[in-house]
Amino acid sequence: MGEQPSFLRVLAGEKQPVPPIWLMRQAGRYLPEYRELRSRSRSFLDFCYAPSMASEATLQPIRRFGFDAAIIFSDILVVPDALGRKVWFVENEGPKLEPIAADQIASLDDSDLAARMAPVYEAIERTKAALPANVPLIGFCGAPWTLATYMIKGSGGDKTPVRVFAHQHPKEFDALMDVLAKACAQHLALQVKAGVDAVQIFESWAEGLDSALFERAVTRPTQKLLAYFRAKCPAAPVISFPRAAGGHLRKFLQAVEVDAVGIDFSLPAEQINELLPPNLPAQGRIDPATLVAGGAALDAAIDETLAAMADRPHIFNLGHGILPSTPIAHVEHMIKRVRENAR
């Protein structure tokens, strides 16, 4: 049996001479092979639920760039879809959902979740069989608050209506958080059963919350999600990505035990060691816009991030998903520079 991949060694708390690299949304529209594959599917959800296509999308960036980890091609909104909420995607606008009313929350049913998302787990099985042995596979879900924002408002963007809902309907809102925590934990556990080596929880909308609502909408639901998940999968590594949590990050990481934390690009480098527990593995931080720009801006961001993470186990990544306009040559340059200049 070969040596454990560097990505998993970092998640186990071991610093590596060269940080493993993967990118959020590394399978996507910046790749011509992805665009060709996507053109064969009628809708984005159909694409996500086609195991052969989802597996192929996952494998494409591994073949092209040799990343140190793959992430299964899917979407965070498969969970609301599996809970019976109407989900669709509008080209150049993003996801849309039929907004849920307070009196509909009690009728949410997760009893058919495993069957409805079976294509996702089949895609994982196919992908795991096709990946090189030294490339781990990551599974993921959206965090309860992030999923709730889409379910309540019906789209992304301004979250003011969702915060108002949480205050006006506290009982129903907390019930929704509980349903989503259990559903997300079940989804992650089924991904582990299908073959993923680690999981990531995307809290994409952690910004703009006061302390009380952050505790109620982000921290406590994540604690519940992890408790449910770890009861089923105690050994599976977990990465939490509370994007733009800012000053809430220290208290969040004291309350939520995870194996690594994702850092978004808005967090100043000097605050990383102030807010994160010593030796907690960290991932991310590069602004996707600098990857589009390339040149001196990208080199400076790479070098600053390597320096900022030098004292802890580090997974090199972006601070948000890769942008569709990203030149492939810039991705190649970034990988080369990290692998040649890592300390």
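The expected span of a helix is taken as 1.5 Å times one less than its number of residues. In this predicted model, helix H11 (residues 211–232) has 22 residues and extends 31 Å between its first and last C-alpha atoms, close to the 32 Å expected at 1.5 Å a residue. H11 nevertheless bends by about 25° at Thr 219, and the proline Pro 221 follows within four residues. Thr 219 and Pro 221 both belong to the buried residues of H11. That set also includes Leu 213, Phe 214, Arg 216, Ala 217 and Val 218, and it continues with Thr 222, Leu 225, Leu 226 and Phe 229. In general, an α-helix has 3.6 residues a turn, so residues three or four places apart point the same way.

The model contains an open sheet of 7 strands in the order S1-S4-S5-S6-S7-S8-S9, paired in the parallel sense. Strand S1 (70–71) and strand S9 (314–315) are the edge strands; each has a single partner strand, so one side of each lacks a neighbour in the sheet. Helix H10 (residues 170–194) packs on this sheet and touches strand S4 (137–142) and strand S5 (198–203). The direction of H10 makes about 170° with that of S4. At the S9 edge, strand S8 (residues 282–284) pairs with S9 in the parallel sense over 2 bridges, and Gln 283 stands opposite Ile 315 in S9.

At the other edge, S1 and S4 run parallel and are joined by 2 bridges, with Ala 70 placed opposite Leu 137 in S4. S4 also pairs with S5, in the parallel sense and over 5 bridges; here Ile 138 stands opposite Ala 198 in S5. Of the 6 residues of S4, 6 are buried, so the strand is largely enclosed by the rest of the structure. Both faces of S4 are covered, with Leu 137, Gly 139 and Cys 141 buried on one side and Ile 138, Phe 140 and Gly 142 buried on the other.

Ala 69 lies in the loop between helix H4 (51–65) and S1. Its relative accessibility is 0%, and Ala 69 therefore counts as buried. Beyond residues up to four places away in sequence, Ala 69 touches Phe 7, Ile 21, Trp 22, Gln 26, Ile 62, Val 135, Pro 136 and Ile 138. The C-alpha atoms of Ala 69 and Ser 266 are separated by 24 Å, the two residues being 197 residues apart along the chain.

Helix H10 has 25 residues and reaches 36 Å from its first C-alpha to its last, close to the 36 Å expected at 1.5 Å a residue. H10 is followed by Gly 195, which has a positive phi near 135°. Gln 186 is located in H10 and is partly exposed, with a relative accessible area of 24%. With residues up to four places away in sequence left out, Gln 186 touches Asp 110, Leu 113 and Ala 114. The C-alpha atoms of Gln 186 and Gln 16 are 32 Å apart, with a separation of 170 residues along the chain.

A disulfide requires a pair of cysteine sulfur atoms within 2.5 Å, and by this rule the model has 0 disulfides. The sulfur of Cys 141 has its closest cysteine sulfur in Cys 184, at 4.2 Å, which is too far for a bond. The converse also holds, as the cysteine sulfur closest to that of Cys 184 is in Cys 141. Cys 141 counts as buried at 1% relative accessibility, and Cys 184 counts as buried at 0%.

Two further local features were examined. Strand S2 (residues 87–90) and strand S3 (residues 94–97) pair in the antiparallel sense over 4 bridges, and Val 87 stands opposite Leu 97 in S3. The hairpin of S2 and S3 has 3 residues between the strands, and Asn 92 in this hairpin takes a positive phi near 70°. Thr 290 is found in helix H14 (residues 288–293) and counts as buried at 16% relative accessibility. Apart from its neighbours within four places in sequence, Thr 290 is in contact with Ala 297, Leu 298 and Ala 301.

Methods. Residues numbered from 1 in each chain as written. Predicted model: local features only at pLDDT ≥ 70, side-chain atom pairs only at ≥ 80, totals over all residues. Heavy atoms only, no water. Pairing = 2+ DSSP bridges. Contact = heavy atoms within 4.5 Å. Axes fitted to C-alpha atoms, helices over the stretch in contact; angles between N-to-C directions. Buried < 20%, exposed > 50% of the residue type's maximum accessible area, 1.4 Å probe, protein only. Bend = angle between axes of the 7 residues up to and from the residue.
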